[in-house]
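Please examine the model shown here alongside the report below, which takes up selected helices, strands and single residues in turn.

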Amino acid sequence: MSDFAQTVKQQADIVKIVEGYMRLRKAGAQNYTGLCPFHKEKTPSFSVHAVRQFYHCFGCHESGDVFSFVSKVENVTFPEAVRIVAQKCGIPLPKREFSSPEEAAEAKLRMKLLDLHEAAAAWFEEQLRGPEGTLAREYLAGRGLTPEGIRAFRIGFAPDSFNALRDRLSGMASQETLRASGLFASKEQGDGTQGPIYDRFRKRVVFPIANESGRVIAFTARTLETGDKAGAKYINSPETVLYSKGSVLFNLDKAKTAVRQAGFALLVEGQMDCISVYLRGIQNVIATSGTAFTEHQVALLKRHTSNVAVNFDPDAAGANAAEKSIALLTEEGFAIKIVALDGGLDPDRYVRERGVEAYMAAVRGARRQADYLIERARAAFPGASAEQKVKAMNFLLPHIRRMPEKLARDQFALDAAQKLGIDSAVLREELRQAALRRRDHVETKTTSLTEVERVLLRALAINDPEFEESRRMAAQAIAAEPAHFEHLGSWPALQVLAGRGAADPMDAVGEAAQRALLAEALLAETRPPAETEVRSAIQELEERAIEGQQRELRAQIAEAEQRGDFGGLALLTQQKLKLDLALRNLHRTVADSL
Ligand SMILES: [Zn+2]
């Protein structure tokens, strides 16, 4: 690790950094827990150690420091993780070092593209305020947006020009980089090469799309034209080094704090819906941008909440994407409520026409997904005939099967049977089967450490000079009598730690399973073990070793007696007496030390 990385690591607080990405709850004097961002789970097995500055998951056994966390969660290289953490801590960046030229080149390109997007966003904003932006301003005002709202979301305007933005940015980067930004388009030429670049967004209202840290990484642009000339209503940035549509949730950067405070996220489909609702004070709102959720987006959301209120467009156009999103969220164990707005209004129109109070009431009155689905099944297949009931049930079964928790499936099945008036034993059985059947995934493998091992692991992991004697004592005992320790499950870790020198304990233990044991011991501790604790742990092992030898001797003595080998017997008895004495002495020292 470079000096700079070391400096950053010393100044960064892993708890604060991790909290920027997911919910954490204080779980002990020194540690916090939350739902693991690296594997699917319903109960938290992910822990962060506030003092030792590492994280560990008891479910998937991922562990590491602040940099490995950021690099995994953001899917960036180590140097980039260092840079991100440094920025979050306000530590100025030195000239960076990269492990490979490719890495350096990509990081450089990303930085450049961020700069270009920032410059483009600022320029679009400027255009909206300028004389050419009149029509766009009128459009936005017509949608109920105030100048403050426009500023908050950095909404801008792309003028009717093929080269205005290009000319503006061409001094900042090479043609190749401009091409890679996605801000420009080009036409394929006769020889198969790409022609010159021109502005992708023209005569459109432009909405920046930000990543979780609030940096602009793409744009979506709405046409102001009507009729044949208009083209697509919305066009978006293409996939670039910065932007992947399936990995971004619109407004998550602004909403994440409110999502955690409210305990749920309000999901809407359109960006305009999202902006409109947010600006009226409901800040835990994010948008899916009209397409079905990806696993990546679900994972992103899961870091902040497992509860969503879904307010999707009830009409057919969005229904399919909405349905898929809800299905995926269900599979991932989200608790889902469905917001239904009367009058078939979308959230934007609803808040504007009925007011934010009415909208909040609708969100509060959202129904559990199960109730909502049963209601839909009843409406779609009305009547009391057996045929209708079967159809209604067939509609519900896949939804029931999708729920990861048996309890929820049981309840759903029960409710469905009741509300649909299903009294046929056969149909009830089918519902019951649906509730029973369900894959269960990754289960937490519990590691078991004895108390003695916990004390030794903690002693060997001591960094505090005040407790140095405890550490030294444990290391010496291991060096002196390795045989006393070798049978322990955590022996490999103990051995490594005993000789770790100044290395960080979590870094020193390379093997994942052993590191998991160490993490388990460290996460449970409130302070380093005192010398007396270490001494009695060492003595307990010594005692066990002597007792083992005694057992062996007793067996040998019994054998010698049977054989009538009195010479051997005398020798063995002598040895046994020595052991008995050693054990007594040991007990005495233990008593003295207490
Ligand atoms: Zn995990």
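The paragraphs that follow treat strand pairing, then helix packing, and finally two individual residues.

**Strands**

The model is predicted, and the description of its strands may begin with strand S1 (residues 25–26), which pairs with S2 in the antiparallel sense over two bridges. A hairpin of four residues provides the connection from S1 to S2, and across this pairing Arg25 stands opposite Thr33 in S2. On its own account, strand S2 (residues 31–34) directs Asn31 and Thr33 to one side and Tyr32 and Gly34 to the other, and all of these residues are buried. S2 also pairs with strand S3 (residues 46–49), again in the antiparallel sense, and here the pairing extends over four bridges; within it, Tyr32 stands opposite Val48 in S3. Thr33 thus faces Arg25 of S1, while Tyr32 faces Val48 of S3.

Another group of strands forms an open sheet of five, ordered S13-S12-S14-S15-S16, in which the pairing is mixed. Its edges are strand S13 (285–287) and strand S16 (367–368), each of which pairs on one side only. At the S13 edge, strand S12 (residues 265–268) runs parallel to S13 and is joined to it by three bridges, with Val268 standing opposite Ala287 in S13. In general terms, the strands of a sheet pair through backbone hydrogen bonds, in either a parallel or an antiparallel arrangement.

**Helix packing**

Two helix pairs are set out in the table.

| Helix pair | Axes come within | Crossing angle |
|---|---|---|
| H17 (residues 386–402) and H18 (residues 406–419) | 9 Å | roughly 160° |
| H20 (residues 451–460) and H21 (residues 468–480) | 8 Å | roughly 115° |

For the pair H17 and H18, whose axes cross at roughly 160°, the angle is over 145 degrees, and H17 is therefore roughly antiparallel to H18. The crossing of these two helices is right-handed. In their contact, Leu396, His399, Ile400 and Arg401 of H17 meet Arg409, Phe412, Ala413 and Ala416 of H18, and by class this contact comprises five nonpolar, one polar and two charged residues.

For the pair H20 and H21, the crossing at roughly 115° falls in the range of 65 to 115 degrees, so the two helices are roughly perpendicular to each other. The crossing of H20 and H21 is left-handed. On the H20 side the contact involves Leu456, Ala459 and Leu460, which meet Ser470, Arg471, Ala474, Ala475 and Ile478 in H21; sorted by class, the contact has six nonpolar, one polar and one charged residues.

**Two individual residues**

Is Arg303, in the loop between helix H12 (295–302) and strand S14 (307–311), buried or exposed? Its relative accessibility is 9%, which is under the 20% limit, and Arg303 therefore counts as buried. Leaving aside residues up to four places away in sequence, Arg303 touches Tyr21, Met22, Arg23, Pro37, Val73 and Glu212. The strand that follows this loop, S14, belongs to the five-stranded open sheet described above.

Ala582, by contrast, lies in helix H26 (residues 566–593) and has a relative accessible area of 30%, so that Ala582 is partly exposed. Along the chain, Ala582 and Ser45 are 537 residues apart, and their C-alpha atoms are separated by 44 Å.

Key:
Residues are numbered from 1 along each chain as its sequence is written. This is a predicted model: local features need pLDDT of at least 70, side-chain atom pairs count only at pLDDT 80 or more; totals for chains, interfaces and linings use all residues. Side-chain values use heavy atoms; hydrogens and water are left out. Axes are lines fitted to C-alpha atoms, for helices over the stretch in contact, and angles run from 0 to 180 degrees between N-to-C directions. Angles under 35 degrees count as roughly parallel, over 145 as roughly antiparallel, 65 to 115 as roughly perpendicular and the rest as oblique. A crossing is left-handed if the near helix is turned anticlockwise from the far one by less than a right angle, and right-handed if clockwise. Contact means heavy atoms within 4.5 Å. Ala, Val, Leu, Ile, Met, Phe, Trp, Tyr, Cys and Pro count as nonpolar, Asp, Glu, Lys and Arg as charged, and the others, Gly among them, as polar. Buried means under 20% relative accessible area, exposed over 50%, partly exposed in between (1.4 Å probe, protein chains only). Two strands pair if DSSP finds at least two bridges between them.
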